[in-house]
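This report concerns the arrangement of charged pairs, helix packing and nonpolar cores in a single protein chain. The sequence and structure are shown first, and the discussion follows.

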Amino acid sequence: MEWWLSEWMQYGLSALFGALLAAAELVSRYRDEPLLTVSTSAGILYLCINALIGMLALLTLHVLEFDGLTLPAASDPDFAKIFYYQVVTAGLGGAAFFRTSVAKTKVGNQDIGIGPAFVIDALLGAVDRAIDRSRAIDRASTIADTIRDIPPRDAFDNLVPFVLGALQNLPTDAEKELEKTIASLDAADKMQDETKSILLGFNLANYVGKDLLEAGCKEILGQISRRPAQPVAPPQATRASIDDLAKRLSAFRDKSKVTDIP
């Protein structure tokens, strides 16, 4: 039997299908750094679990020997066809089986699936939390440092159009969702300016990625540095203090005049 039709190869391909489905699931959930998400320890663990599911599904096909899915002798002309049919069925079917639920029950505000989906949902929830925490630490430092020096008005009026204009295929629904978030941040009057800029950076990074956000911030900071310096008027309180002091000095001079006695 050729190596590419061996039983080990069959298990390897089933595991690969399961891992690819898990990778696609993770990539769709984290848009700013999808590949980095898959490479985290929690992401790798999730890939391995789904790969194991594909292998277990293939083992089930071998043990139960379903009609039409039983692997014939290697000399049979249909051997290669059934070989790969088993791989696809196990790799994709196993993942589909573990994502199904017999019924759903509501626990608090969350719908919980009763059935094999409960296992995948529980694992995915744990992976989500682990990845989100690790990504949050990186985002809190890099994105905050990148955008904190940009005033909110420049961030809303210049940075947002710059990074969105650089993209060519931003989905319409994603653009509308981002516009609502930006409008909500812009209307937050009680929020500190620096916090408002940083939160805007977090939301932009979800759609445009960290690299484009950094390039946009660099460009906007360059524009700010090239602006002509505006004359700074003295504060109103300072002018009032100067006027008051002048009046006091004038009154003091009037009182201190010495009149000659004839």
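Arg-148 and Asp-145 are joined through their side chains by a salt bridge, with an N to O distance of 3.4 Å. The coordinates are those of a predicted model, and the protein contains 6 salt bridges by the rule applied here. Arg-148 has a relative accessibility of 31%, and therefore counts as partly exposed. The pair does not stand alone: Asp-145, Arg-148 and Glu-194 belong to one network, built from salt bridges that share partners. Side chains of opposite charge can pair when their charged atoms come close.

Two further salt bridges may be set beside this one. Among the 6 in the protein, the following three are listed with their N to O distances.

| Salt bridge | N to O distance |
|---|---|
| Arg-148 and Asp-145 | 3.4 Å |
| Arg-153 and Asp-186 | 3.3 Å |
| Glu-219 and Arg-226 | 3.9 Å |

The side chains of Arg-153 and Asp-186 form a salt bridge between two helices. Because Arg-153 belongs to helix 6 and Asp-186 to helix 7, this pair ties together parts of the protein that are 33 residues apart in sequence. Both partners count as partly exposed: Arg-153 has a relative accessible area of 43%, and Asp-186 has a relative accessibility of 31%.

Glu-219, which is located in helix 9, has Arg-226 as its salt-bridge partner. With a relative accessibility of 30%, Glu-219 counts as partly exposed, whereas Arg-226 is exposed, at a relative accessible area of 61%. When residues up to four places away in sequence are not counted, Glu-219 touches Phe-162 and Arg-226. Glu-219 and Leu-159 are separated by 60 residues in sequence, yet their C-alpha atoms are 8.5 Å apart in space.

**Packing of helix 6 and helix 8**

Two packed helices are described by the angle between their axes and the distance between the axes. For helix 6 (residues 152-166) and helix 8 (residues 193-208), the axes come within 10 Å and cross at roughly 10°. Angles under 35 degrees count as roughly parallel, and helix 6 and helix 8 are therefore roughly parallel to each other. On the side of helix 6, the contact involves Pro-152, Ala-155, Phe-156, Leu-159, Val-160, Val-163 and Leu-164. Helix 8 contributes Asp-193, Lys-196, Ser-197, Leu-200, Leu-204 and Val-208. By class, the residues of this contact comprise 10 nonpolar, 1 polar and 2 charged.

Helix 6 also holds Asp-154. Is this residue buried or exposed? Asp-154 has a relative accessibility of 10%, and so counts as buried. Apart from residues up to four places away in sequence, Asp-154 touches Leu-159, Ile-220, Ile-224 and Arg-227.

**Nonpolar cores**

The largest nonpolar core comprises 24 residues, and those with the most contacts inside it are Ile-150, Leu-159, Leu-200, Leu-204, Val-208 and Leu-213. Two or more residues of this core come from each of helix 5 (117-147), helix 6, helix 7 (172-186), helix 8 and helix 9 (210-225). Helix 8 supplies the largest share, with 7 residues. The surroundings of Leu-204 can be given in detail: beyond residues up to four places away in sequence, Leu-204 touches Leu-159, Val-160, Val-163, Leu-178, Gly-209 and Leu-213. A second core, separate from the largest, has 13 residues, including Leu-26, Tyr-30, Ile-53 and Leu-124.

**A buried serine in helix 1**

Ser-14 is part of helix 1 (residues 7-29). Its relative accessible area is 0%, so Ser-14 is buried. Leaving aside neighbours within four places in sequence, the contacts of Ser-14 are Gly-54, Met-55, Leu-58, Val-87, Ala-90 and Gly-91.

**Overall organisation**

The protein has 10 helices and 2 strands. Along the sequence, these elements follow the pattern α-α-α-α-β-β-α-α-α-α-α-α. Of its 262 residues, 33% count as buried. What share of the contacts between residues at least 6 apart in sequence joins residues at least 24 apart? For this protein, the share is 70%.

Methods:
Residues are numbered from 1 along each chain as its sequence is written. This is a predicted model: local features need pLDDT of at least 70, side-chain atom pairs count only at pLDDT 80 or more; totals for chains, interfaces and linings use all residues. Side-chain values use heavy atoms; hydrogens and water are left out. Axes are lines fitted to C-alpha atoms, for helices over the stretch in contact, and angles run from 0 to 180 degrees between N-to-C directions. Helices (H or I, at least four residues) and strands (E, at least two) are DSSP runs, numbered from the N terminus. Angles under 35 degrees count as roughly parallel, over 145 as roughly antiparallel, 65 to 115 as roughly perpendicular and the rest as oblique. Contact means heavy atoms within 4.5 Å. Ala, Val, Leu, Ile, Met, Phe, Trp, Tyr, Cys and Pro count as nonpolar, Asp, Glu, Lys and Arg as charged, and the others, Gly among them, as polar. Buried means under 20% relative accessible area, exposed over 50%, partly exposed in between (1.4 Å probe, protein chains only). A nonpolar core is a set of buried Ala, Val, Leu, Ile, Met, Phe, Trp, Tyr and Cys residues joined through side-chain atoms within 4.5 Å. A salt bridge is a side-chain nitrogen of Lys or Arg within 4 Å of a carboxyl oxygen of Asp or Glu.
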